[in-house]
Every structure is written in C-alpha cells, then in structure tokens.
There are 2 protein chains.
Amino acid sequence: MKHKKMLMVVCDGVSDRPVKQFDGLTPLQAARKPAMDAVARNGLSGTMDVIAPGVVPGSDTAHLALFGYDPYKVYTGRGSIEAAGAGIDLRKGDIAFRCNFATTDDGVNIIDRRAGRIRSGTSELAEAISGMKLEDVEVIFKEGSEHRAVLVFRGPGLDHRVSEVDPHIEGELLHSKAGSPEAEKTARLLNEFVRRSHEILSNHEVNLERQNAGLPPANIVLPRGAGSALAIESLSDRFGLRCAGIAGVTLVKGICRLLGMEVIEVPGATGGVDTDYLAKANAATGAIDEHDLVFLNVKAADVAGHDGDFRLKVQVVESIDMMLGSILKDLHEEVVVALLADHSTPVSVKDHSADPVPVSISGADSRVDAVRKYDEISAASGALGRIRGVDLLPIILGMANRSSEYGA
Amino acid sequence: MKHKKMLMVVCDGVSDRPVKQFDGLTPLQAARKPAMDAVARNGLSGTMDVIAPGVVPGSDTAHLALFGYDPYKVYTGRGSIEAAGAGIDLRKGDIAFRCNFATTDDGVNIIDRRAGRIRSGTSELAEAISGMKLEDVEVIFKEGSEHRAVLVFRGPGLDHRVSEVDPHIEGELLHSKAGSPEAEKTARLLNEFVRRSHEILSNHEVNLERQNAGLPPANIVLPRGAGSALAIESLSDRFGLRCAGIAGVTLVKGICRLLGMEVIEVPGATGGVDTDYLAKANAATGAIDEHDLVFLNVKAADVAGHDGDFRLKVQVVESIDMMLGSILKDLHEEVVVALLADHSTPVSVKDHSADPVPVSISGADSRVDAVRKYDEISAASGALGRIRGVDLLPIILGMANRSSEYGA
C-alpha cells in the first residue's frame with residue numbers, strides 16, 4: 001500500500017446560490033472550468049457542511065475544521081490566528097487582538113475605521129507603539145496589510161473575555177468592559193492602550209505627512225476579536241504529515257503556522273482578485289515533492305462574493321481553473337487532489353452563508369461516480385454524500401492510503 | 001442580507017412504504033399533489049431521520065427535534081407536553097400524566113379503556129376530581145378531547161420514575177411501583193389517586209345518566225406516561241424568532257406552547273381527517289406577517305396511516321395539497337417553505353415506523369436540484385442528502401439568511 005501525496009485546493013467562498021438575472025445559474029455553473037470539472041469527473045463528489053448544517057463558517061473556524069480540528073473544541077477567537085499569521089508566536093496567557101489603524105478627530109469619535117485604507121508608513125507607526133508597557137504587561141504590535149495590524153498583551157492575569165472598543169461603524173469609540181471578573185485588568189489595559197495609541201500616533205511624522213497630503217491620519221488603533229493562544233496539536237504530531245501552505249491572506253497563513261505547516265511565501269499572491277494565479281500554481285507544484293500535503297487557498301472568489309459581483313466571480317473561477325489546470329498537468333497521477341470551498345459567499349448575500357459547499361476528490365485509483373461537473377448542484381448527487389468539514393482530511397488521508405487501522 | 005420569513009408544514013405521519021395492492025406505490029406517490037411537487041421542484045429535497053437512523057419517533061420527540069432540540073437531552077416524558085397542551089403551566093417539581101377516562105366493573109378490572117370514547121360530560125367529571133388533596137400534594141386535573149385528560153401532582157418530594165397503572169389492554173389495573181427510592185411517594189399517591197377517582201366518579205351524575213342510557217360509565221381514571229416539567233429554552237430566546245403554531249391536536253399545541261410559540265386557535269381544526277384544511281391555510285397566511293416562522297401541523301395523514309387505509313391517506317394527501325396550494329398562492333416569494341413529515345406511519349404497519357421521511361425546502365434564491373416530486377423515493381435523490389431532524393431548523397434558518405457566523 002503506497003502512501004500517496006495530497007493536494008488540497010480551497011477556493012475561498014466560491015460556493016454560491018443561483019442568481020435569477022444570470023439564468024438561475026451559480027457562478028460555478030456559469031464558468032468554463034475544464035480543470036475543476038476534470039477533478040469531479042475522475043473521482044468522487046459531494047456537499048460539505050464545513051462546521052455543521054445551518055452554521056455560517058468564518059474563514060478561521062472553517063479552515064480549522066477542514067484540517068480535522070473541531071472548532072468548537074479548539075477555537076479561541078480570531079486574534080490568536082491573526083497573530084500567528086503576522087509571525088508572532090503566542091505564549092500561554094497572551095491575549096491577541098486584530099486591529100485597524102483608524103482616524104479620529106478628538107480621540108473618541110472615529111471618522112474613518114480604515115484611515116483611508118493607508119498603504120504605507122504603517123511599519124513605522126507600529127514600531128512607535130510596540131514595546132509599550134501597560135502596568136506589568138508588555139505590548140507587542142505588528143502591522144499587517146493596508147490598515148490591518150495585530151496587538152498582543154503579554155503578562156500576568158490576562159483574560160480574553162472583554163467587550164469591544166471598535167464601534168464597527170463610524171462613530172464613538174466604545175469603552176471595553178470585562179465579561180468576567182478575571183478579565184477586568186485586560187479591559188482596563190485595552191482602554192488604556194487605545195488612549196495611548198492616539199497619544200503616540202497623533203504627532204507621528206507619518207501622520208503629519210499624511211495630513212499635509214490631505215490624507216486621513218492613522219491616529220488611533222482599534223483592537224477587536226480578543227483571543228487567547230490556541231493549544232493545538234500540529235498536523236505533523238497528529239497525522240505525521242509534512243505540510244506546506246500557500247495563501248495570500250494573513251489569516252489563512254496564520255492557520256497554516258498554527259498547524260505547523262511550512263508557509264510558502266509567493267511573491268504576487270495578494271489575497272485579492274489581482275493575485276498571481278500562475279505563481280501560486282508553480283509554488284504548489286514545486287512543494288509537492290518535499291511534502292505529504294500541499295494546501296493552496298485562493299481568496300479571490302470570496303472577495304467577488306462580498307462585492308456581490310457575479311461576472312467578476314465567474315472570471316475568478318476561470319482564473320482559478322487555469323491555475324488548477326497548470327498544477328494538474330505537472331502532477332504525476334499518484335496525487336490525491338481535493339477541490340473545495342471553505343464556505344459559501346453568495347453574490348446575492350454579499351457575505352458568508354450557511355449553504356453547504358461542493359467538494360470533489362480524485363486520485364489514481366479513487367472510486368469514480370457519475371458527477372461530471374464541479375458545482376453546488378452536480379456535486380450533491382455524488383457518491384461522497386453530505387459530509388462534515390471535520391471529516392474531510394480523514395477521508396483524503398484514507399484515499400491516500402495514509403489512515404491507520406483501528407482494531408485488528 | 002435580507003432576513004426571510006419561514007413556513008414549516010408538517011404532514012404528520014404522511015411518509016409511508018410501497019403497498020403492493022396499489023401498484024407498489026406509497027400514498028404520496030399515488031396522490032395528485034401539484035403544490036407539494038412545486039415545493040420539491042423549486043428547491044432542495046432529501047430524506048430525514050427525525051430522531052436518528054432506525055429510531056421510531058413519537059410525535060412529541062419528533063417535534064422537539066424538528067425545532068432543533070435534541071430530544072435525548074430535553075425530553076422528560078409525554079405527560080408534561082400534554083399538560084402544556086391543556087394549558088397547564090407546569091412548575092419545577094410537578095409531575096404530569098396523560099390519562100384516560102375508563103370503565104371498570106369493580107374498581108380493579110378495566111372493561112373499557114376509553115369509557116366508550118365518551119364525548120360529553122368530561123369537564124364536569126374533571127371538575128369533581130381536580131383540587132383533590134393527596135397527603136401534602138395538590139391534584140390538578142383537566143379533561144382533553146373525548147376520553148383523554150391530564151393529571152398533575154403538585155407538591156414536595158415527587159419523582160416521575162413510577163411504573164404504570166394502566167394495563168394498556170382490557171384487564172386488571174396494575175399497581176404502580178417506584179423505579180427509584182425517590183419515587184416511592186409518587187407511586188403511593190398514584191395508586192391512591194386511581195382508587196379515589198373511582199370513588200368520586202362512580203356515583204357522579206354524568207355516569208348515572210350514562211348508565212341509564214346504556215353507555216359505559218367513565219368511572220375510573222387511568223394515568224400513564226409520567227413526566228416532569230421540561231426545562232427548555234424558547235425559540236425566541238434561542239434563535240430570536242417570533243413563532244406561530246397551528247395544530248389540531250393537544251400534544252402538538254403543547255409543544256408549541258413549551259417552545260414559546262403563539263398558538264393560533266383555528267375553529268374547525270380537529271386533528272382528524274375531517275379537519276378544515278382551508279381554515280388552517282388562512283390562519284397560516286394570516287400569521288406570516290407578524291411572525292418570523294409559522295409552523296403548521298396537519299394530523300390527518302397519521303390518522304389514515306394508523307387506520308391502515310391507503311385510499312383515505314391518498315385523499316388526505318390531496319386535501320393537504322389543496323391547503324398548501326392555497327397558502328403558496330398568497331405567499332410572496334421571499335418566504336422559505338419547508339415541507340416534511342414528523343415520522344412515517346405506513347398503512348402496512350398501522351403505527352409509526354423508523355423509515356426516514358421526505359423533506360423539501362424552497363425559497364426565493366434557494367438552490368434547485370433535479371427532484372420534481374415530493375415523495376419518499378424522489379426526495380432521496382435530492383441535494384439535501386440524508387439529514388437529521390435536529391439539523392432541519394438550522395438549515396432552514398441558513399436558507400432564510402438568519403444564521404449567525406461562527407468565527408470570523
């Protein structure tokens with residue numbers, strides 16, 4: 001029994017609903033996608049409740065499930081995953097937050113939650129904040145893409161159960177409150193951090209230049225999504241797998257790092273619709289020899305779904321298909337290929353939805369059902385049936401002859 | 001993302017098995033039912049194990065599951081649900097029983113378990129019993145339809161783990177025994193209650209009149225199905241839903257009340273095959289504006305199944321279809337409609353069976369599979385796959401854009 005290599009291609013948010021104005025088709029049904037359809041035609045298809053029926057998956061909880069981890073057992077909030085994505089190794093007791101650089105006119109009223117989607121100078125701004133001491137707690141702060149950043153509190157007596165300071169709309173800053181007595185110190189320091197961030201950033205050179213140029217200054221930090229460190233076994237410890245992860249967005253890279261994958265940085269992989277698809281294809285093909293499992297996430301379909309742009313989503317599907325075709329042509333046939341989405345982002349909803357996602361898995365000697373197309377409806381008649389996200393990796397491992405026997 | 005309204009139509013016991021004498025068809029396959037088929041044709045279908053594969057659902061446990069409550073976690077016996085249906089608010093510590101008025105010749109030997117299906121006078125008989133004191137326990141007793149009634153013990157030190165007094169066939173009364181030391185008082189009072197009911201009812205005016213008319217007297221009460229109060233979160237608290245329930249039978253109304261639904265009383269809704277289908281349709285249509293979810297139960301198909309009457313069951317299906325057609329024509333398209341059964345009641349079995357039930361769900365922008373008929377076999381090839389009852393409401397909520405995201 002030969003162990004096979006495995007490739008998991010996650011088309012983020014590609015799963016959709018039919019749209020009346022486009023002949024009642026979904027973007028997957030409307031697109032020309034010979035490579036995706038080949039995966040369906042040569043293997044097994046089905047639908048998948050990534051978390052559970054009727055549950056809308058976040059990108060973070062979804063990816064945990066897709067790698068076999070029950071998010072209800074291991075998930076501790078997005079902050080910790082963003083921190084991992086930014087390359088910060090969380091320690092036990094640390095509390096992490098996702099942050100935005102934002103614009104305030106008086107330190108309380110937020111007039112732009114993204115500081116005009118600031119694109120440069122954030123590493124200098126982050127440096128000015130990082131290293132700050134709040135009582136006996138150390139502050140680690142790191143910029144992300146555009147207006148995004150990550151904040152970590154490191155010190156004794158912290159707890160993630162604090163209410164938000166980010167109003168999530170333009171308006172007044174909220175005062176963080178403790179959701180439990182153990183979290184009072186964290187709430188107090190969080191409020192203090194926001195005040196100090198405004199003090200430090202207001203007169204920072206980067207912001208003086210922005211104001212001179214008529215741009216909104218990034219003069220306050222809005223943390224949200226508090227999370228403590230995940231205590232999670234790596235894919236290597238759990239399944240004995242050497243894994244590589246390729247993704248454009250920080251969040252997904254964070255999951256890859258948390259699960260002990262080697263994260264392959266691909267120049268031109270942006271996490272947007274302008275990503276370099278062929279560069280990602282080459283990275284995946286290049287990684288398969290040295291790894292047991294190569295995971296590839298393409299974010300662009302999710303972006304098109306959030307924008308409610310059907311035509312763009314169809315284009316993205318066709319671009320992903322070209323990428324997949326390029327990978328498949330270079331792959332020797334002994335690789336098990338799984339094609340799926342992490343959640344639905346219907347263009348009619350412009351957000352994640354609970355609709356199950358199509359999944360197709362093929363490999364050299366895999367069973368082959370009658371499904372000939374990779375889309376939401378065709379896949380549902382396939383021999384995989386309706387599965388759960390947490391069962392996906394075990395199923396792929398089984399098809400790759402990598403599962404171990406239970407009993408004798 | 002617009003929240004949609006939801007309509008859940010439960011055709012009680014409509015699900016069946018093929019019957020040889022009728023071309024190997026099920027009643028659903030034999031009936032003309034354009035409205036039901038339209039729900040299947042415009043949406044997704046599948047089969048559903050209402051409790052779990054191979055488990056025969058009761059009407060009470062089935063409906064708990066259909067509203068997303070795991071009956072293995074919340075169910076405490078039918079008595080408490082019947083009490084809610086009769087409008088008695090159970091308190092913590094109360095023990096409730098379903099009862100029959102029955103006929104005995106000597107206070108021990110039961111010669112008619114339903115007292116000739118007594119139809120009038122039961123409210124006077126109930127009044128004579130209710131208010132009785134047994135030691136320090138108060139007795140609340142209320143008549144139901146025909147020979148049916150509900151008994152509640154209210155007082156300290158009660159426990160539902162008592163054996164039955166009802167022999168379930170004509171014959172000698174059983175002596176209730178405690179199934180645990182804590183239930184000894186309850187068993188003692190139950191035996192005493194039965195003895196006292198005979199004492200009180202024997203010479204009651206209603207029974208003297210019945211005897212004069214040659215009818216069997218309702219001269220003893222047979223309690224069964226002891227249950228304690230359900231500790232259950234309402235649909236409003238759990239999902240934030242305003243719900244309306246329409247049903248002919250006490251048991252289903254009881255579930256509606258326990259889950260915090262507004263129970264809409266429909267004159268002419270009998271719970272039998274003679275129910276006023278159009279009155280129920282009108283009630284449903286009228287309730288949709290003021291509620292998020294309207295639940296409609298039609299009992300008649302279950303009655304025909306228990307009677308083993310194929311032709312009657314086909315007629316009932318066609319009547320339900322007319323009712324559904326009347327609702328659908330008045331419904332704006334933004335409503336998610338779910339059509340299902342709570343269990344199978346095959347005419348060949350004349351009782352509930354474990355066969356999974358067909359379910360179809362359609363809505364404005366729902367996915368559409370290839371299923372064109374609502375029946376046991378057609379539905380099984382649909383894109384919903386094989387689901388569990390407890391997942392039904394979450395799936396409907398997802399299709400109605402009412403699920404919340406888990407993660408970020």
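Biologist: How many bridges join strand 3 of chain A to strand 16 of chain B, and do these strands run parallel or antiparallel?

Modeller: As a general idea, strands of a sheet pair through backbone hydrogen bonds, either parallel or antiparallel. In this predicted model, strand 3 (residues 56–57) of chain A and strand 16 of chain B run parallel and are joined by 2 bridges. Within this pairing, Pro57(A) stands opposite Tyr406(B).

Biologist: How many residues does each chain bring to the contact?

Modeller: Chain B gives 22 residues to the contact, and chain A gives 31. On the side of chain B that touches chain A, strand 15, helix 14 (389–399) and strand 16 (405–406) each supply at least two residues. Helix 14 of chain B accounts for the largest share of that side, with 5 residues. By class, the residues on this side of chain B comprise 9 nonpolar, 7 polar and 6 charged.

Biologist: Strand 15 of chain B has now been named. In which sheet is strand 15 found, and what is the order of the strands?

Modeller: Strand 15 belongs to an open sheet of 8 strands in chain B, whose order is 11-10-12-1-13-14-2-15 and whose pairing is mixed. Strand 15 (385–388) is one of the edge strands, and strand 11 (262–263) is the other; each pairs on one side only.

Biologist: Within that sheet, in which sense do strand 10 and strand 12 of chain B pair?

Modeller: Strand 10 (residues 243–246) and strand 12 (residues 293–298) of chain B pair in the parallel sense, over 4 bridges. For instance, Gly245(B) has Phe295(B) of strand 12 as its bridge partner.

Biologist: Which residues touch the most other members of the largest nonpolar core?

Modeller: The general idea is that, in soluble globular proteins, nonpolar side chains tend to be buried together. Here the largest nonpolar core has 275 residues, and those touching the most other members are Phe295, Ala338 and Ile396 of chain A and Phe295, Ala338 and Ile396 of chain B. Phe295(B) is thus named both in this core and as the bridge partner of Gly245(B). Beyond its neighbours within four places in sequence, Ala338(B) is in contact with Met8(B), Val9(B), Val359(B), Ile361(B) and Ile396(B).

Biologist: Turning to chain A, what domains does the domain assignment give?

Modeller: The assignment gives domain 1 (5–75 + 233–399) and domain 2 (82–228) of chain A. The C-alpha centres of these domains lie 33 Å apart. Between them, 6 residues of domain 1 are in contact with 6 residues of domain 2. The side of domain 1 that touches domain 2 has 2 nonpolar, 2 polar and 2 charged residues.

How values were computed. Residues numbered from 1 in each chain as written. Chains lettered and ligands numbered in written order. Predicted model: local features only at pLDDT ≥ 70, side-chain atom pairs only at ≥ 80, totals over all residues. Pairing = 2+ DSSP bridges. Domains from an automatic or database assignment. Contact = placed C-beta atoms within 7 Å. Nonpolar A, V, L, I, M, F, W, Y, C, P; charged D, E, K, R; others polar. Core = buried A, V, L, I, M, F, W, Y, C linked by C-beta atoms within 7 Å. Buried ≥ 20, exposed ≤ 12 C-beta atoms within 10 Å, placed from the backbone.
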